[in-house]
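Q: Hi! Could you walk me through this one? I'd like to start with how a term is defined, then get into the details.
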Amino acid sequence: MIRTPRQQLAHLSRSPNVQHVPSSKWSVVQRSWDQYKCEESVSRRHVSGRLRVTTPAEDRSLALSARRRRSTTVPQLVADHFVASGRRISATTVRRRLHNAGLYARRPVVCVPINRRLRRTRLYWAKEHVSWTRQQWASVLFTGESRFTLESDSGRLLVWREQRTGYHQSNTLERHSYRGGGIKVWVGISLGGHTDLHVFHGGTLTGVRYGDEILDPYVRPYADAIYKDFILMDENTRSPRAVVVEDYLEGHGLERMESPAQSPDLNPIEHLWDYLGRQVAALSSPPRLLDELEQGLLRVWSSLPISVSNNLIDSNESRCRQCIQVKGGHIPH
């Protein structure tokens, strides 16, 4: 039942517990009723609230400092503000001001370095393949290598960035090498199928070894199945680019797709590494030894749904368009 302010007063006066009702309750209800009789509406009176400890100019300065030095920490910003103004503010206040400016602490995306020449190459490749049809992509075998370790590589570094800007140049962390020991594997995917997962056991991956362990047992049978339209796309790394590999492909009449170097985001197979890592980590008995890690990878890969690899290959058009949009820079793939 909805009561008017007057009915609420009457109800309170008849209540056996009326002596426990604070006097402020009476004044609030009465004031609301008087306002309603005069204005036929009830609105809350404006309250000035607590004074802000920072000025608008200081708020802008905090946000500008975080944008100029993306990896600066909140304690550093607090200290810088004290040096500049002579007043201390709390870490909570700094975080609140940065959030109001649209900045949030997030781990930086790790990407390979891209120079000006590579940026032009990536842009040219994207423009050349953005209009490819699904039938054309169906002839391509996408291959790649990755290293899996038992050690987490999450890190503790955070950067201040706006939402949906993870792949902007100022918010990424470029790094070449992996850290720690692990297992190196190779796989290939195409529309409607994929190769077995191959594990490299020790030694340097030379061109001769790449031909014996990858091209002969995996790539050549796949090429025979696809026939004359077969195209091989690899990661353009040092071992596959060896002269012996080029001679092998030419000798067997296999075509290779020239792809930009250091561009894993343009190869859909790169997303499979994240998928494999998550699936292995989610096993009922997570691997603790390298042998267990190898068996886990083989088990997860053998049960890989074809839809996963198909969806990744179907995203090629989107990858190319995004690469064109950022003029050859990093893309969120």
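A: Sure! A polar contact is a pair of N or O atoms within 3.5 Å; within protein, one must be able to donate a hydrogen and the other to accept it, and residues adjacent in sequence count only if both atoms are side-chain atoms. As for the source, this is a predicted model, where local features need pLDDT of at least 70 and side-chain atom pairs count only at pLDDT 80 or more, while totals for chains, interfaces and linings use all residues. Residues are numbered from 1 along each chain as its sequence is written, and side-chain values use heavy atoms, with hydrogens and water left out.

Q: Good. Which side chain makes a polar contact with the side chain of His198?
A: That of Tyr218, at 3.3 Å. His198 itself is found in strand E8, residues 198-200 (helices, H or I with at least four residues, and strands, E with at least two, are DSSP runs numbered from the N terminus).

Q: Is His198 buried or exposed?
A: Buried, with a relative accessible area of 14%. Buried means under 20% relative accessible area, exposed over 50%, and partly exposed in between, using a 1.4 Å probe and protein chains only.

Q: And what does His198 touch?
A: Leaving out residues up to four places away in sequence, His198 touches Lys184, Val185, Trp186, Glu213, Ile214 and Tyr218. Contact here means heavy atoms within 4.5 Å.

Q: On to the rings: how many aromatic pairs does a search of the whole structure find?
A: Four. Rings of Phe, Tyr and Trp (its six-membered ring) pair if their centres lie within 6.5 Å; planes under 30 degrees apart count as stacked, over 60 as edge-to-face and the rest as tilted. Among the pairs is Trp132 with Trp137, which is tilted, at 4.8 Å centre to centre and 50 degrees between the planes. Trp186 and Tyr218 also form a tilted pair, with 5.2 Å between centres and 40 degrees between the planes.

Q: Which parts does the pair of Trp186 and Tyr218 tie together?
A: Trp186 lies in strand E6 (residues 183-190) and Tyr218 in helix H8 (residues 207-226), so the pair ties together parts that are 32 residues apart in sequence. Both Trp186 and Tyr218 are buried.

Q: Which residues form one aromatic cluster?
A: Trp132, Trp137 and Phe142. Trp137 counts as buried, at 5% relative accessibility.

Q: What sits over the ring of Phe82?
A: The charged end of Arg88, 4.1 Å from the ring centre. The rule for a charge over a ring is that NZ of Lys or CZ of Arg is within 6 Å of the ring centre and within 35 degrees of the ring normal.

Q: Switching topic, how many disulfides turn up in the whole structure?
A: Zero, with a disulfide taken as a pair of cysteine sulfur atoms within 2.5 Å.

Q: Why is there no bond for Cys320?
A: Because the closest cysteine sulfur, in Cys323, is 7.3 Å from the sulfur of Cys320, too far for a bond. Cys320 is buried at 1% relative accessible area, and Cys323 counts as buried at 0%.

Q: Last thing, what about confidence, and where does pLDDT stay under 50?
A: The protein chain averages a pLDDT of 82, and 82% of the residues score at least 70; pLDDT is the predictor's confidence in each residue, from 0 to 100. It stays under 50 over residues 176-180, for which the model has eight contacts beyond four places in sequence.
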